[in-house]
Amino acid sequence: MIADIDAARAAAVAHIASAATVDDLRRLDTELLGKKGPLAQLKAGLGKLATVDEKKAMGAALNDAMTAVQTALDERRTVLARAERDVRLTAEALDLTEFVRPPTRGRAHLVTQAWERLEDVFVGLGFQIAEGPEVETDWYNFEALNMPPSHPARSMHDTFYVDHGAPGSTVLRTHTSPVQIRVMQAIQPPIYMVMPGRVFRNETTDATHLAVFHQIEGLVIDRGITLADLAGTIDAFTKAFFGTEFGSRLRPSYFPFTEPSAEFDIRTPKGDWLELGGCGMVHPNVLRAGGLDPEEWSGFAFGFGIDRMAKERHGVGDVREMYTNDIRFIEQF
Amino acid sequence: MKIVHSWLRELAPLPDDVDAIAHTLSDVGLAVESVDRVGATVAGVITARVIRTERHPDAAKVHRVFLDIGDGTEHHVWCGAFNMQPGDVIPWATPGTSMPDGRLIETKPIVGIQSDGMCCSSRELGLGDDHSGILILDPDTPLGVPYGRALGLAEEIVYDLDVLRNRPDAYGHVGVARDLAARFEVPFRQPSGAVAATGPTRSATVEIVAGDRCPRFTTVVISGIRVAESPDWMKSRLAAAGMRPINNVVDVSNYVMLETNQPNHAYDFDTLGGGGFRIRVAGDGEAMTTLDGVERTLTADDLLICDATDRPIGIAGIMGGQNTEIGPDTTTVALETAYFEVPGIMKSVQRLGLRTEASARFERGVDPLGIDTSIARFVELLRLTCPDLVVHEGYVDARTPSMPNPVAITVRPERVGALLGRPFTAAEISALIEPIGFACRADGSTLSVSVPSWRPDCTLEIDIVEEVARLFGYDKLGKTVPKSTLAGGLSPVQQRRRRVRDVLLGLGLDEAMPHPFLTDGDLSRAGLSADAVRLVNPLVVGDDVLRTSLRPGLLKAVAFNESHRRSGVGFFEIGHVYPPSDTELPAEYEALCVIIAGADAPRAIAVWRELVSAMGWGARLDQSKVPAGLHPTRSATLSAGRDVVGAVGEIHPDVLDAYEVSERVAVLELNLSVLLATEPKVAQWKATSRFPSTDFDLAFNVPGDVSAEKVDKALRQAAGSLLVSLDLFDVYRALPGDQARSLAYRLRLQANDRTLTDSDVAGIRDKCIAAVGKLGAQLR
């Protein structure tokens, strides 16, 4: 009987070795190891053996043979499966440079990008963000900012008036500064706020000037705020926004709503000075208009244009280009 | 404001160091826009006499000028100015000359005829702003010599300053020299003088009718004048400061103004009617011809200088009249030196649109007490060319109660320190501001500071704080960073706005920023109400409507791109709109508009649903209310509670026609002021089941008047809590345009505590069919 077992085993292993596909193996698995397989039939013959020892020996031999066949099947299956996977992988080859579709992401407006970067830097410096209306009363836009009617500085602002309310009472804000007054009226100091927004000047537009543009304005009001605090804050902003290799300075200037007033310039790593914006200590009359006692509170304010940041970052030759909404412009960024 | 280096150094012993002075000027708040070298520096420009001029039939805008430079040869130049006559001497830029504006003069042919160089105007030579014609020199000028030598011009260094509103004194060389002397710590003697008579009484009468507008008016009669040329040094400085030398009387008048900041006007005394002045406001509609030859119609806002017969001879503080102009034969003048009220001059200047060197000074405020000094200076300088000059007894100094009062300010040194971030003692403050004319007197722990009459800007303690900072030096005050006790950050609304923008960008939409002003008709073309707030003074006529919707601007952007062969753009805008209202300000709010060209309403709905999902918003879609300007059968109003929060769908084809857009356009418009203010619901966790789920599909024939939303609701209600997902996976219409359609849904059921049995599923399936059946739909 042992010879039958060996023969069945050898035949099975030979079949397995010649199997060409995983499917062939699946069929052989049933044929060779199933209930009707040669080894199973030999197993059925065990009962006819005479002695227990014989049964044991033949049983062990049969088990060995079945294990061997199973092992052969598994090994062959691994080999064939790998070969079949390889064939499929080769067949599946793709040229990934074919059919490249343009990216479908949308693009934020350049001004929005600059606006958010500025906000983020100021948030990092401990500021909150305030906003206000774009159509303003003359009082918020001028009078509360130490520019009563007939103040000469009003002529520095080319103001758009609108036909709302009494003639001359309503304007498109010429700067974001009215938000300063609204903030002072709404919350008690300490105030550490920046106020980005759209502003309007009745000026002929050119490559560097727009009638509708965007500013960001800062306001700090607390006890014991000094001009040195203003200079330090401008410097901290300059380094955070432009880079630590940039510097800043204040130069005396004049604005009705701040005193002392200054222009602030930034120094590029090459050593050039660029004018960036205006700033100063909040004028006592402005603090009063906001409902604050200038003997108790002091503060500073600063402001500059957002559009120019976007224009210069991306080297846009004409600032008006940013507002054409021409997809060929938008797609560049 | 052009400030001449040599002039400054005559007024104070400043270093002859242009860089140091330029730097210091900026440092004290007198920003230097440029430093220029002007005068006889245009090498290659020489004097030449015009022999004759000729027109050429093929060159309409230029003529031929033949020049003689005294060497016997004839030189030919094409010239576009026609103000010269044969015999005139003019400056001629020879070929190869490099002009101050950077131009290189070359020999260029016109109609085939060479031009040797160029005839020059004053402006081309950097001698002032006159570009109305070629500069005509004195006929006795030698020929072929550098024009600068002929004009007696020396090279001057000029600082072009941007003088700020609060520094009227810096419009004169004295004011600038005063600040510089303080910073350079060199002596500065404030010029002072009195009107010293040298002859018998002869005087003009003065009657001030409008005392509030003219607080001070002085006049002195000066005779023995011989109109002549000014000395070369004076001509150089005037030219460098941008004023063309004319004759000694006019030049001295200008020179004194540029130096002391006090304008003056010399009238020919012999033509002054009634021998006196009368200062009154103009009558409405009254007219007079000013020196520039323009007849001007006046109003009661304008102040007039009249002669004693009430004939207008000048608009006060702005420009004199033609009738009393100084001529070559003038020998006696009545010199007017006055102080006018600032807002009145400002108003006149603005209304007349007439800005002169004098008005620029009066509208900022001159020194009301500096008049005598400026008259003394006038006499001193005119005497250089008129040695026989007589100043007559009878100087009239008329003042009204409107003369500004002297100002004294109480200054607390500790306050100065508290604002500047560094302690200042009373002595330090005095040492800083006394050199520029402030007088300080200690008064207990405070300082009493008298403000000089030339600094009308200083009225408050804070003004003195600024002067201290300015003279000490901003850069020396140090830099500190205040310690905020607050946490920085965006407000919830600002955070949500950024989230909205991120979602839209993620959907592939580009952010546009159209102009917030619309043209007349833009709103009605968009099917919207034309009721809007308008600009009173638009920059562009007709561009005066404040938008009430973002839609028109975005439709224009779509049309623009379509016309440039870019169809299918998808834009969004987040921006303010300004509908009219009865309240103090328009009903301004922040809006969002999404416009997708080449897309239909479901695309807009998809954007809305993404936003709803990201932002936790909720709103009812009401297709029975069609928003204005949208497609009547493909649009809906979005409402939350009683508020309309937006509109969604497609743009009405009529509107697309009006905007010349040929594609279908999907639109979503939202009121962000409302939506961003609502606190979104925070999604709450639901346990995910470990048991298997079961799917089944149901397809219904649904009549046209039953919305998918209703079917959806019925299915959800019927399936109950075991429903974990419901997908509408197919919509089928037998014929395009059919209202009735088949809707196919896939439902997935799952329990948290067990595996569902077949009978569980069958029960729910039956309930679903029954519920949808009640809507009039039938299972397919």
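Q: Which residue in S18(B) stands opposite B:Gly314?
A: This is a predicted model, in which local features need pLDDT of at least 70, side-chain atom pairs count only at pLDDT 80 or more, and totals for chains, interfaces and linings use all residues. Residues are numbered from 1 along each chain as its sequence is written, while chains are lettered from A and ligands numbered from 1 in the order in which they are written. Strand S17 (residues 312–315) of chain B pairs with S18(B) in the antiparallel sense over 2 bridges, where a pair requires that DSSP finds at least two bridges between two strands. Within this pairing, the residue of S18(B) that stands opposite B:Gly314 is B:Gly320.

Q: Which strands stand at the edges of the sheet S10-S13-S16-S17-S18 of chain B?
A: Strands (E, at least two residues) and helices (H or I, at least four) are DSSP runs numbered from the N terminus, and 5 such strands form this open sheet with mixed pairing. A strand with a single partner strand has one side left without a neighbour in the sheet, and so the edges are formed by S10 (205–208) and S18 (319–320) of chain B.

Q: Which residue is the bridge partner of B:Asp443 in S24(B)?
A: Strand S23 (residues 439–443) and strand S24 (residues 446–451) of chain B run antiparallel and are joined by 5 bridges. They form a hairpin with 2 residues between them, and in the turn B:Gly444 has a positive phi of about 65°. Across this hairpin, B:Asp443 has as its bridge partner in S24(B) the residue B:Thr446.

Q: What is the radius of gyration of chain B?
A: Chain B has 20 helices and 37 strands. The globule rule (2.2 Å times the number of residues to the power 0.38) gives 28 Å for 780 residues, and chain B is more spread out than a compact globule because its value lies well over that. The C-alpha atoms fill a box of roughly 130 × 85 × 55 Å along the principal axes, and the radius of gyration, taken over C-alpha atoms, is 40 Å.

Q: How far apart are the centres of domain 3 and domain 6 of chain B?
A: The bounds, which come from an automatic or database domain assignment, place domain 3 at 199–399 and domain 6 at 694–779 of chain B. Taken over C-alpha atoms, the separation of their centres is 95 Å.

Q: Which element gives the largest share of the side of chain B that touches chain A?
A: The contact, in which C-beta atoms placed from the backbone lie within 7 Å, takes 70 residues from chain B and 67 residues from chain A. Elements giving two or more residues on the side of chain B include helix H2 (18–27), helix H12 (461–472) and strand S28 (570–577). The largest share, 6 residues, comes from H12(B).

Q: Is A:Ala68 buried, partly exposed or exposed?
A: A:Ala68 is found in helix H4 (residues 52–91) of chain A, and it touches A:Arg9 and A:Val13, residues up to four places away in sequence not being counted. A residue is buried if 20 or more other C-beta atoms, placed from the backbone, lie within 10 Å of its own, exposed if 12 or fewer, and partly exposed in between. With 15 other C-beta atoms within 10 Å, A:Ala68 is therefore partly exposed.

Q: Which residue with a positive phi follows H8(A)?
A: Helix H8 (residues 227–242) of chain A has 16 residues and reaches 22 Å from its first C-alpha to its last, close to the 22 Å expected, a span defined as 1.5 Å times one less than the number of residues. Its buried residues include A:Leu230, A:Ile234 and A:Phe237. The residue that follows H8(A), with a phi near 130°, is A:Gly243.

Methods
Two residues are in contact if their C-beta atoms, placed from the backbone, lie within 7 Å.
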